[in-house]
Amino acid sequence: MSRSARSKTCIRAATCVVAASALLLTHAVARADSFTDPVVDAQGITTHAGPAVLQLQVWSDHVVRVHYSGTGSLSSPAVSAVVGKPEPVKFEPINTKDYLGLKTAAIEVRVDRQTGAVAFLDASSGKPILAES
């Protein structure tokens, strides 16, 4: 396997580790509350569903950290599977009737407004990388 192929495999694996953690966290969202329109800042988006808060923080084109708290207060420092510091990355916030999220040059992250299900998609093909059903 070439160095480039190994690098892409590692990036996808890191994305999946972060995504898997996110899926477990957002499953606890109260299903009766839908997510509010996101607040956008330089590092990502933040949204609420009842007392819960969800933050999508862009670390690189390939890594988005999902930070969730059912109490409405995000811990600091957050427990994270990603080591390092976020890079300044261009991203596009997404805000539709059915889902919200963000898109970098490499991945798109969607959060279903009603269920809190998180999906990671390839930004160029739109094909799912990892998604909660």
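In what order do the four strands of the open sheet stand, and is their pairing parallel or antiparallel? In this structure, which is a predicted model, the four strands follow one another across the open sheet in the order β1-β2-β3-β4, and they pair in the antiparallel sense. The two strands at the edges are β1, which covers residues 39-41, and β4, which covers residues 64-69, and each of these has a pairing partner on one side only. Between neighbouring strands of this sheet the average turn is 15°, with direction ignored.

To see this sheet in its setting, it helps to step back to the whole protein chain, which contains one helix and nine strands. Followed along the sequence, these elements give the pattern α-β-β-β-β-β-β-β-β-β. The protein chain has 133 residues, of which 41% count as buried, and its accessible surface amounts to about 7,400 Å², with 57% of that surface belonging to carbon and sulfur atoms. Among the contacts in the protein chain whose separation is 6 or more, 42% are between residues that lie 24 or more positions apart.

Returning to the sheet, one pair of strands can be followed in detail. In general, the strands of a sheet pair through backbone hydrogen bonds, and this may happen in either a parallel or an antiparallel way. Strand β3, made of residues 52-58, is joined to β4 by six bridges in the antiparallel sense, and a reader who wishes to trace this pairing may start at Q55, which stands opposite H67 in β4.

Further along the chain, strand β8 spans residues 118-122 and includes D122. Is D122 buried or exposed? The relative accessible area of D122 is 15%, and because buried means under 20%, this residue counts as buried. The side chain of D122 also makes a polar contact with the side chain of S124, at 2.7 Å.

The loop between β8 and β9, the latter being residues 128-131, is the place where G126 is found. For G126 the relative accessibility is 37%, and since partly exposed covers the range between under 20% and over 50%, this glycine counts as partly exposed. Although G126 and I107 are 19 residues apart along the chain, their C-alpha atoms are separated by 8.6 Å. Thus, in this part of the model, D122 in strand β8 is buried, whereas G126, in the loop between β8 and β9, is partly exposed.

Terms used:
Residues are numbered from 1 along each chain as its sequence is written. This is a predicted model: local features need pLDDT of at least 70, side-chain atom pairs count only at pLDDT 80 or more; totals for chains, interfaces and linings use all residues. Side-chain values use heavy atoms; hydrogens and water are left out. Two strands pair if DSSP finds at least two bridges between them. Axes are lines fitted to C-alpha atoms, for helices over the stretch in contact, and angles run from 0 to 180 degrees between N-to-C directions. Buried means under 20% relative accessible area, exposed over 50%, partly exposed in between (1.4 Å probe, protein chains only). A polar contact is a pair of N or O atoms within 3.5 Å; within protein, one must be able to donate a hydrogen and the other to accept it, and residues adjacent in sequence count only if both atoms are side-chain atoms. Contact means heavy atoms within 4.5 Å. Accessible areas come from the Shrake-Rupley method with a 1.4 Å probe; for residues, only the protein chains shown count as cover.
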